[in-house]
Structures are given as C-alpha cells and as structure tokens.
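Biologist: Before we discuss any labels, could you put the chain in front of us, so that each term can be set against its definition?

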Amino acid sequence: MPTVHSSPYLQMDNPAIMSLLRPTPGEKHRKSSSGGLLRMFKLFPMLTSGCKMVALLGRPKKPLLKDSATIGTIFGYRKGRVCLAIQDDPHCVPMFVIELPMLTSLLQKEMASDIVRIALESETKTHKKKLLEEFVWAVYCNGRKVGYSIRRKQLSDDELHVMQLLRGVSMGAGVLPSPNDKETVTSDGELTYMRARFEKVVGSKDSEALYMINPDGAAGPELSIFFVRAR
C-alpha cells in the first residue's frame, strides 16, 4: 500500500471535484481552527477507555441536533482498515457504507495536515443508478490514490455494532467497546470512531460533496468527502 501522507492539493484536478472545492483558509487560520473533532481523532493514541463519548452522552434516544445535516461516521480498529458510513438520520440504517483501502493509523497520520480530503470516484459510465448506489470506487486521500473499495450491500456485524451504539449520537469521537467481549482493547487494537454532521453539496447527478460542520464554529472545512462518477 503506498504512503498516504501528501498534500491536500495533489492531483485534485478532476473537473467535477474542482467545481465542488471550497476556498481553503490561510495557514494561520488553519492552525487556530484545528481544535474540533478532527483534532480529537488525531489524539486517539493518547485516549483511553475513560474517554468513551458514547458513555458520556448516555446514548440518548433522539439525535442531539435536529436539522437536515448528513451524518458521517469514520470508524475502525486501530490496526485495521477504516470504514465510512453515511446517514441522513442517525436512527436509520446507513445509505452508504464502505471499507476504505487504508489503515486507521494511516488516516490519523494524514490528519496531521489539519485538512483531509477523501475522494471516491466511480468509473461506471452507465448512469443507471444514483451516484451513491454505485458499487466499485477508486479511493483517493488528499489527492493520492490508495486503492479500490466496494460499497457494502449489507452491514457486517462490527459495522452494525457501531451503528447501534451511535444511533442517538450526532457528533463525537472516542473509543467503543468491541462487539464480542464488550472490552475496549482487542488484538486489532481499540475500536475508534469520529462522528460528525456534514453539509451536503450536490454539483450534478455525477458529483456530490460532504463538508464537515465544525462544532467549535471555526471557519473552513477540516474534512471533506467527494463522490464523483466518470462521464
């Protein structure tokens, strides 16, 4: 697997992605705005089971925030691959789940740049499906191709476990108990997650973008996710 750490501007020249890109704040501003969920996710090596956001929130039965924002969850065992789940409602089954071809630890290193752009490109040209219904995706992280992934038709046991634990959480980051023994640490390391609200921007039937809404009110997106289909 190639090294992922790279510039957020590298190879982001796809016209569909370029049309969805938002201006990036200046270097000085970025340094002052990195105190949200992205920074917490970068600190996972320092977190312990005492930092379980779900336990602190008490697993409310209703979402903490009610609006039209999309919910995005990035999760995975520290020694395993990272998964991405997208929901319109935290109570509903995700409309899009995919295991990205990169380790959770590598994604955490990539977040050292304070700006992370994940792009998923479908090479399908039939256009018979909605964009997020496509199955095979080429995955890029900060402009560098990291491999291919296939969208899940059904959630795995681990993915269903995470969605059930976070069903009432709109945003947060921390460590979850593993699904089998309910303990925090397994042979694959801790099961970590970051869950946030995203603003959805539709460029066309072949391009969409999700921009993370910073909980601290800082300007400029920390995490952006792009979906593009070949024309």
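**Contacts, burial and cores**

Modeller: This is a predicted model, and among contacts between residues at least 6 apart in sequence, 64% join residues at least 24 apart.

Biologist: What makes a pair of residues count as a contact here?

Modeller: The criterion is heavy atoms within 4.5 Å; leaving aside neighbours within four places in sequence, S122 is in contact with E134, V136, W137, V228, R229 and A230.

Biologist: Why is S122, which is found in strand β4, called buried or exposed?

Modeller: Its relative accessibility is 0%, and because buried means under 20% relative accessible area, S122 counts as buried. For the chain as a whole, 52% of the 231 residues count as buried.

Biologist: What makes a set of residues a nonpolar core, and which members of the largest one touch the most other members?

Modeller: The members must be buried residues of the listed nonpolar types, joined through side-chain atoms within 4.5 Å; of the 28 residues in the largest such core, F96, L100, L107, L120, L223 and F227 touch the most other members. Several strands each supply at least two residues of this core, including β2 (81-87), β4 (116-122) and β11 (223-229), while the largest share, four residues, comes from β3.

Biologist: Which residues is L120 in contact with, leaving aside its neighbours within four places in sequence?

Modeller: Among them are F96, I98, L100, W137, I225 and F227. A second, separate core of 13 residues includes Y77, C83, M163 and L191.

Definitions and conventions. Residues numbered from 1 in each chain as written. Predicted model: local features only at pLDDT ≥ 70, side-chain atom pairs only at ≥ 80, totals over all residues. Heavy atoms only, no water. Buried < 20%, exposed > 50% of the residue type's maximum accessible area, 1.4 Å probe, protein only.
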